Amino acid sequence: MNINDLKEKPIWQMTGEEFLYLQQSGAVVSNAPTTITDTTTTVKRHVYGIVGIAKLFGCSLPTANRIKKSGKIDKAITQIGRKIIVDAELALELAGRKTGGR
């Protein structure tokens with residue numbers, strides 16, 4: 001069996017010997033598409049619920065509840081019924097802004 005045939009064979013069907021041969025030969029096995037993608041797109045990170053807000057800000061649950069109720073991060077929150085979805089990066093940005101004060 002040549003190396004190209006081994007590259008096409010799924011790993012779960014290979015024997016240990018075949019897998020080690022591929023590994024030692026330095027053959028790159030990839031199921032990922034080889035197309036070039038735009039790396040400037042950002043992946044949105046979301047947290048869910050009051051627990052997610054607490055983990056995001058590193059605070060307790062009552063403090064996370066106060067942050068949500070304060071309205072400071074309302075633009076980052078989507079709430080449908082009891083489900084709370086928070087855009088993490090936008091919430092951190094909104095929480096860091098100064099508004100008013102002494």
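**Exercise 1. Find the nonpolar surface patch and place one of its residues.**

Solution. Start at the surface: Ile11, Phe19 and Leu20 make up a nonpolar patch with about 270 Å² of accessible area together. Patch members need over 30% relative accessible area and no salt bridge, with like charges joined within 9 Å and nonpolar side chains (Val, Leu, Ile, Met, Phe, Trp, Tyr) within 5 Å. The areas come from the Shrake-Rupley method with a 1.4 Å probe, and for residues only the protein chains shown count as cover.

A word on the input: this is a predicted model, where local features need pLDDT of at least 70, side-chain atom pairs count only at pLDDT 80 or more, and totals for chains, interfaces and linings use all residues. Residues are numbered from 1 along each chain as its sequence is written, and side-chain values use heavy atoms, with hydrogens and water left out.

Next, pick leucine 20, which sits in helix α2 (residues 16–25). Helices (H or I, at least four residues) and strands (E, at least two) are DSSP runs, numbered from the N terminus. Leucine 20 counts as partly exposed because its relative accessibility is 45%. The scale goes like this: buried is under 20% relative accessible area, exposed is over 50%, and partly exposed is in between (1.4 Å probe, protein chains only).

**Exercise 2. Track down the salt bridge and say how covered each partner is.**

Solution. Apply the rule: a side-chain nitrogen of Lys or Arg within 4 Å of a carboxyl oxygen of Asp or Glu. That gives a count of one salt bridge. The pair is glutamate 18 and lysine 9, with the closest N and O atoms 3.0 Å apart. Now check the cover. Glutamate 18 has 17% relative accessibility, so glutamate 18 counts as buried. Lysine 9 has 22%, so lysine 9 counts as partly exposed.

**Exercise 3. Write down the fold pattern and work out how the strands pair.**

Solution. First, the inventory: the chain has five helices and three strands. In sequence order they read α-α-β-α-α-β-β-α.

Then take the strands, where pairing calls for at least two DSSP bridges between two of them. Strands β2 (residues 77–80) and β3 (residues 83–87) run antiparallel and are joined by four bridges. Isoleucine 80 has lysine 83 as its bridge partner in β3, while isoleucine 77 stands opposite valine 86. The two strands make a hairpin with two residues between them, and glycine 81 in the turn has a positive phi of about 65 degrees.

Last, look at the other side of the pairing list: β1 and β3 are antiparallel too, over three bridges. Here valine 47 has valine 86 as its partner in β3.

**Exercise 4. Which residues of the largest nonpolar core touch the most other members?**

Solution. Build the core from buried Ala, Val, Leu, Ile, Met, Phe, Trp, Tyr and Cys residues joined through side-chain atoms within 4.5 Å. The largest core has 13 residues, and Val47, Leu56, Ile73, Ala76, Ile77, Val86 and Ala91 are the ones that touch the most other members. Two or more residues each come from α3 (49–57), β3 and α5 (88–96).

Zoom in on alanine 76, in the loop between α4 (61–70) and β2. Alanine 76 counts as buried because its relative accessibility is 4%. Leaving out residues up to four places away in sequence, alanine 76 touches Ile85, Val86, Asp87, Leu90, Ala91 and Leu94; a contact means heavy atoms within 4.5 Å. With that same sequence filter, alanine 91 touches Leu56, Phe57, Ile73, Ala76 and Val86.

**Exercise 5. Describe what α3 packs against, then step over to α4.**

Solution. List the buried residues of α3: Gly49, Gly52, Ile53, Ala54 and Leu56. They pack against β1 (46–48), α4, β3 and α5. Just past the helix, glycine 58 takes a positive phi of about 65 degrees.

Now go to arginine 66, in helix α4. Arginine 66 counts as exposed because its relative accessibility is 56%. Its C-alpha atom lies 9.9 Å from that of isoleucine 50, and the two are 16 residues apart along the chain.

**Exercise 6. Collect the chain totals.**

Solution. Buried residues are 21% of the 102 in the chain. The accessible surface is about 8,300 Å², with 54% of it on carbon and sulfur atoms. Among contacts with a separation of 6 or more, 34% link residues 24 or more positions apart.
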